[in-house]
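Colleague: I should like to learn how backbone geometry, strand pairing and burial are read from a model. May we work through some cases together?

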Amino acid sequence: MKNIAVIGAGTMGNGIAHTFAQCDFKVHLIDINDAALKSGLNTISKNLDRQLAKDKISEADKTKTLSNISSFTNIEEGVKQTDLVIEAATENLDLKLEIFKQLDTFCSSETILATNTSSISITQIAAVTNRAHQVIGMHFMNPVPIMPLVEVIRGYNTSNSVCQTIMHLSKTLGKTPVEVNDYPGFVANRILMPMLNEAIETLYNGVAGVTEIDTVMKLGMAHPMGPLQLADFIGLDVCLSILNVMYSGFKNPKCAPCPLLVNMVNAGKLGVKSGEGFYDYSEGKKAEKISKQFS
C-alpha cells in the first residue's frame with residue numbers, strides 16, 4: 001500500500017497528507033476548493049519548516065515530503081490507482097454519504113475506504129457503498145503529525161483483513177492504533193465531549209470563569225490544556241456536531257449541548273479557527289481570556 005488519497009485539505013486533511021507523505025507514501029490531496037488546496041499545501045510547508053527549525057527533519061526531508069504530494073480538485077481523477085482513500089471532509093453526515101457513494105463508483109474494487117470522522121457511524125457510511133467490508137474509520141488526532149493515537153473503528157461489516165491492514169499501516173506511520181467498535185463518539189469523544197460540555201455548563205452557570213476552570217483542570221487533574229481552551233482548539237462547531245451525534249445516538253442528557261456552546265457557534269465564535277472562542281486568538285494576542293460575561 002503506497003498510494004493514498006486524502007479528501008479535504010483542511011486542518012485534519014492536510015495533517016494526514018503531511019504524515020503519509022513524510023513516511024514516503026505518494027499522496028493525492030483532494031479538495032473541490034482550489035483556494036483550500038493551496039492553503040492546505042501552504043500549511044504543510046509551514047509545519048515542515050517548524051520541524052526543520054527544531055532539527056527533526058532535514059531540508060532534503062522537507063523537499064521529498066512535498067514532492068510526494070499531488071493536488072486535485074476532481075475526486076474521480078484524484079482517487080485513480082490509489083490503495084486507500086481517507087475522507088477528512090467536514091463533519092456532516094449528508095456530505096460524507098455523498099462522498100462515499102462517489103468513492104464506491106470511482107475507486108478500484110480493491111481500494112479500502114476510510115473516514116476520519118470523529119463521531120459519525122462507520123456502519124451508516126459503509127451502507128451507501130457496495131463494499132461495506134472495506135470501509136473503516138481512521139480517527140487521527142489533531143495535530144496529526146505530532147499526536148500518536150489513531151482510533152481504528154470497525155463498522156459492523158468491516159472485515160478482519162481490512163482492520164489488520166489499517167492497524168499495520170498506522171504503525172508504519174509511527175502511530176499507535178487502538179481498535180474500537182462503532183458506537184457514537186467511539187472511545188475518545190464519548191469520554192472527552194461530555195467533559196468539555198460540562199466545563200462549558202460550569203461557565204454558563206457562573207460557577208467560575210474561563211481561566212479558573214481551565215486552571216483547576218490543568219493543576220488539579222494534570223491536564224496539559226484546560227477543557228475550554230481545548231474546545232477552542234478542536235473547534236466549537238466540531239464539538240457541537242459531535243455532541244449532537246452522541247445525543248441523537250444515546251438520548252443521554254449529559255450529551256445535550258450546552259446553550260452557551262450553541263449560541264457561540266451560531267455567533268461564529270468557533271475558537272482558534274475564527275480567532276475567538278473562550279479565548280482571543282486575534283493577531284498579536286496569544287490565547288487571552290475573553291473579558292465578556294458568558295452567562
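Modeller: The discussion below takes up strand pairing, then backbone geometry, then surface charge. Please keep in mind that this is a predicted model.

Colleague: Which strands are joined to β6 by bridges, and in what direction do they run?

Modeller: Strand β5 (residues 112–115) is joined to β6 by three bridges, and the two run parallel. Here leucine 113 has valine 135 as its bridge partner. Five bridges join β6 to β7 (residues 149–154), and this pair is antiparallel. In that pairing, phenylalanine 140 stands opposite valine 150.

Colleague: Are the faces of β6 buried or exposed?

Modeller: Val135, Gly137 and His139 on one side are buried, as are Ile136, Met138 and Phe140 on the other. Six of the six residues in β6 (135–140) are thus buried.

Colleague: What is the general expectation for phi and for peptide bonds?

Modeller: Most residues other than glycine have a negative phi, and most peptide bonds are trans. In this model, the bond from asparagine 142 to proline 143 is cis, with omega near 0°. Proline 143 belongs to the loop between β6 and β7.

Colleague: Where does phenylalanine 186 lie, and what is the sign of its phi?

Modeller: Phenylalanine 186 is in the loop between β8 (176–181) and α8 (188–204), and its phi is positive, about 55°. Phenylalanine 186 is counted as buried because its relative accessible area is 4%, under the 20% cut-off.

Colleague: Which residues form the positive surface patch?

Modeller: Lys46, Arg50, Lys54 and Lys56 form that patch. Lysine 56 lies in the loop between α2 (34–53) and α3 (59–67) and is exposed, at 61% relative accessible area.

Terms used
Residues are numbered from 1 along each chain as its sequence is written. This is a predicted model: local features need pLDDT of at least 70, side-chain atom pairs count only at pLDDT 80 or more; totals for chains, interfaces and linings use all residues. Side-chain values use heavy atoms; hydrogens and water are left out. Buried means under 20% relative accessible area, exposed over 50%, partly exposed in between (1.4 Å probe, protein chains only). Helices (H or I, at least four residues) and strands (E, at least two) are DSSP runs, numbered from the N terminus. Two strands pair if DSSP finds at least two bridges between them. Patches are made of residues with over 30% relative accessible area and no salt bridge: like charges are joined within 9 Å, nonpolar side chains (Val, Leu, Ile, Met, Phe, Trp, Tyr) within 5 Å. Accessible areas come from the Shrake-Rupley method with a 1.4 Å probe; for residues, only the protein chains shown count as cover. A salt bridge is a side-chain nitrogen of Lys or Arg within 4 Å of a carboxyl oxygen of Asp or Glu. Lys and Arg count as positive and Asp and Glu as negative; His and the chain ends are not counted. The place of a charge is taken as NZ of Lys, CZ of Arg, CG of Asp or CD of Glu.
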